[in-house]
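Student: Could we go through some of the labels people put on a model like this one? I'd like to see the reasoning behind each.

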Amino acid sequence: MINDSHPLTGGVRLRPVTLDDAGSFAGTLTRSRAYMRRWDPVRPEAYYTPEGQHQRLTALLADRDAGRAMPWALADDEDRVVGAMTLNSIERGVFRNARLGYWIDVDRAGRGLATAAVTRVCELARDGLGLHRIEAGTVLDNAASQRVLAKCGFELYGTAPRYLHINGAWQDHRMFQRILHDGPPQR
């Protein structure tokens, strides 16, 4: 189930990331760079190249193989990347928690794609990974992402001062969580 493709909306599907996606990620991230600048760290130019994305995806897939992350691509009908969803810092044991990060191509933003994808990732985290809780943070002025999280059942639980270095400065973040189930931890 985790490694399957899942249809979302508008001809887009959620599927596991592969190294073959490096060029597509580079193109979409380059096209969306100015749009996402307010919410992203400052990145080196190499990040926006196929080689830079190949290096990033190699590390991300190593984290997946070690059980620390689960990365998905949002892919259109032609298998071009139009966004991404990643569960990072996956913790097992009594916590059963992960941190959610995501982005959507500038040309697809505001069409319900993020809401559909976050909803599906929460289902996969609960049913496929056995997680109890997912957390996510947004910079204070990212109202669109906050609406997505609220629509997907996340609750605001606080503000983290100077949480991440975003757009060249330490930024305060609104912190959200979603409890996925209240059953005992699965093995």
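Student: Why is cysteine 152 called buried?

Tutor: Its relative accessibility is 6%, and buried means under 20% relative accessible area, exposed over 50%, partly exposed in between (1.4 Å probe, protein chains only). So cysteine 152 counts as buried. Keep in mind that this is a predicted model, where local features need pLDDT of at least 70, side-chain atom pairs count only at pLDDT 80 or more, and totals for chains, interfaces and linings use all residues. Residues are numbered from 1 along each chain as its sequence is written, and side-chain values use heavy atoms, leaving out hydrogens and water.

Student: Which residues is cysteine 152 in contact with, leaving aside neighbours within four places in sequence?

Tutor: Contact means heavy atoms within 4.5 Å. With those neighbours set aside, the partners are Thr115, Val118, Thr119 and Arg178. Threonine 119 is 33 residues from cysteine 152 in sequence, yet their C-alpha atoms are 5.7 Å apart.

Student: What makes serine 89 partly exposed?

Tutor: Serine 89 has a relative accessible area of 33%, which falls in between the two cut-offs, so partly exposed is the label. Its phi is also positive, about 50°, although serine 89 is not a glycine. Most residues other than glycine have a negative phi.

Student: And arginine 96, buried or exposed?

Tutor: Buried, because its relative accessible area is 5%. Arginine 96 has a positive phi too, near 50°.

Student: What makes something a cavity here, and how many are there of 30 Å³ or more?

Tutor: A cavity is a set of points, on a 1 Å grid over the protein atoms alone, where a 1.4 Å probe fits but cannot get out; lining residues have an atom within 4 Å of a point. Volume is the space filled by probe spheres set on the points, with grid points joined across faces, edges and corners. The count comes to one cavity of 30 Å³ or more, and the largest holds about 30 Å³. Its lining includes Val17, Phe25, Arg56 and Trp72.

Student: How do you know which residues belong to a nonpolar core?

Tutor: A nonpolar core is a set of buried Ala, Val, Leu, Ile, Met, Phe, Trp, Tyr and Cys residues joined through side-chain atoms within 4.5 Å. The largest has 31 residues, and Trp72, Leu74, Met85, Leu87, Leu100 and Phe154 touch the most other members. The largest share of this core, eight residues, comes from α4, helices being DSSP runs of H or I, at least four residues, and strands runs of E, at least two, numbered from the N terminus.

Conventions. 1 Å grid on protein atoms, 1.4 Å probe; cavity = no way out; pocket = protein on both sides within 12 Å on 5 of 7 lines; lining within 4 Å.
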